Amino acid sequence: MPSRHAATAVASLALAAAALTATADVVVLRGGRRVVGVVEESDDVVRVSIDGGKLAFARKDVVRIERVLGSGKPVRDRIAELREGDVAAALAIAADASKAGFADEARRALDFASRWAPDDPLVRAALRRWQSLVRVLPDDEAAEAGLTAAFGSGANLRRTPHFVIAYDTTDDAVRGRAELLEAAYRKVHALAESLGLEPAPIEAKLEILVFADHAGWVASLAGITVATENVTGAFVPTTRRVHLFDTNSAPEVVAAGRDVARAKAELDAHEARLEPRRDAILELRNRLAKAIDAKQKDAARGIESQIEDAEARLVELEIAIAEFRGQVDAAGRAVAEAIGRENIASTTHEACHQIAFATGICREGQPAWLLEGLAMLFEVTNRTSFVPEAVNEPRLAELRAAWSKGRTTRLADVVSDSVFTAPDANLSAAYAESWSAAYFLARKHPDGFARLVREGRSAPIDAESTAARLEDFRRVFGADLDALDAAWKDDVRLLR
């Protein structure tokens, strides 16, 4: 199976090939020469990808760039040919241009649609989608300087369409994080749109800090009221920044790595015992041969018995070592897989908090179960869970494990935040129950869920607010929650 980076490279090549066939731009040069390909622009250079490679032209030598879609006609020509009031055609052009990454051309088509039908819900939705997903957000030097200062020494910057990342990890590691962040951004908008929540467009790139070392991450949160013990990421509401670190450096991961290393050292010591035993058996075989040659039958029988015993003990030791090797290898894989899952989940979970607050989906004072439930709906738990409908498999496993051990939780306990504020709260189970309640309501009762997100009152997350939380929930879903509780539990049992 190819590695993630190899798979990403293959996917990138496939996308590039698709781009060359589905969209082609025309670069018109001084003197009239026209070059057809996929264009990448910078301040000074225009690069054109063609079948034979990539050509670069100085900006001063480029007269114009004609953006062309699959129809073979430049976008500017399609826009120029729009008939007055043809909103549907303008929206179609905007959609085609958006898919091809032609943000400016898409906006020009939408400007016509907005002028002709400013109150049309399709036009307003298309414009909001363009503002949220297609528009190119400008880099902000002052904001980036502030982010670099907050990170401290050794900071590099990586920019994506919607994020700016300060980091001191490897470029490959931050590239993977960047992909996850953009995936989370798209997923939040897709799910919010499906629920009718209408996330507001962001006006500046969201800020992320990624530390190579756990200690640097902890230091970055000094003076901020955020838990850091047994946590792999944090969204700080006051700064609206997400702080992350390479999970390889987490204390518990380092300890697990030491355990695996000790086990491997022990395995090496056991394996070192095999060779002398094999040598001893070889020596016995040599003695046996001499005894047979000398016709020393009694001696030969004694040596044969020794060989049988030695070989039996050798086989037993080899089997034990093989089993031990399997356990050590499995432990090493489990640590590596846990690191990968945690990096994916923590990156997207905290970013989803950040995106939800930045777009107005979430606000301070909403119930803990709702804030966390939404983040766990939006988060990407593996590289196949980019669709909103995907089950959050780790949370489902945590929930079923808790319930199988006798934990009894009512839906009312979740939506009133009692699962978080109880003196003996099991936070792992509370998070899993929050996800499952949000997942159930978003799928089975989307209108009520969206209304609760929009209209639920703000209140402190404490025991005194539980009555208000429950009152808000009953106002939307009805006073009798028993039937809803039963349906929720049935849903959990049936999920695959």
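Asp417 counts as buried, because its relative accessibility is 1% and the cut-off for buried is under 20%. This comes from a predicted model. Asp417 sits in the loop between α14 (411-415) and α15 (418-421). Its phi is near 75 degrees, a positive value in a residue other than glycine.

Arg240 also has a positive phi without being glycine; the value is near 60 degrees. Arg240 lies in the loop between β9 and β10. Is Arg240 buried or exposed? Neither label applies: Arg240 counts as partly exposed, because its relative accessibility is 37% and that class lies between under 20% and over 50%.

The two residues are set out below.

| Residue | Phi | Loop | Relative accessibility |
|---|---|---|---|
| Asp417 | near 75 degrees | between α14 and α15 | 1%, buried |
| Arg240 | near 60 degrees | between β9 and β10 | 37%, partly exposed |

Next, the sheet. It is open and has 5 strands, in the order β6-β7-β8-β10-β9. The pairing is mixed. Which strands stand at the edges? They are β6 and β9 (233-236). Each has a single partner strand, so one side of each is left without a neighbour in the sheet. On average, neighbouring strands of this sheet are turned by 20 degrees against each other, direction ignored.

Two helices pack on this sheet. Helix α6 (residues 141-151) touches β6, β7, β8 and β10 (241-245). The direction of α6 makes about 25 degrees with that of β8. Helix α7 (residues 171-195) touches β6, β7, β8 and β10. The direction of α7 makes about 150 degrees with that of β7.

Now the pairings that involve β7. Strand β6 (residues 156-159) and strand β7 (residues 163-167) run antiparallel. How many bridges join them? There are 4. The two strands form a hairpin, with 3 residues between them. Within this pairing, Arg159 has Val164 of β7 as its bridge partner.

On to strand β8 (residues 206-211). β7 and β8 run parallel, joined by 5 bridges. Here Tyr167 has Val210 of β8 as its bridge partner. β7 is thus paired antiparallel with β6 and parallel with β8.

One general point helps when reading side chains along these strands. In a regular strand, side chains alternate between the two faces of the sheet.

Notes. Residues are numbered from 1 along each chain as its sequence is written. This is a predicted model: local features need pLDDT of at least 70, side-chain atom pairs count only at pLDDT 80 or more; totals for chains, interfaces and linings use all residues. Side-chain values use heavy atoms; hydrogens and water are left out. Two strands pair if DSSP finds at least two bridges between them. Axes are lines fitted to C-alpha atoms, for helices over the stretch in contact, and angles run from 0 to 180 degrees between N-to-C directions. Contact means heavy atoms within 4.5 Å. Buried means under 20% relative accessible area, exposed over 50%, partly exposed in between (1.4 Å probe, protein chains only).
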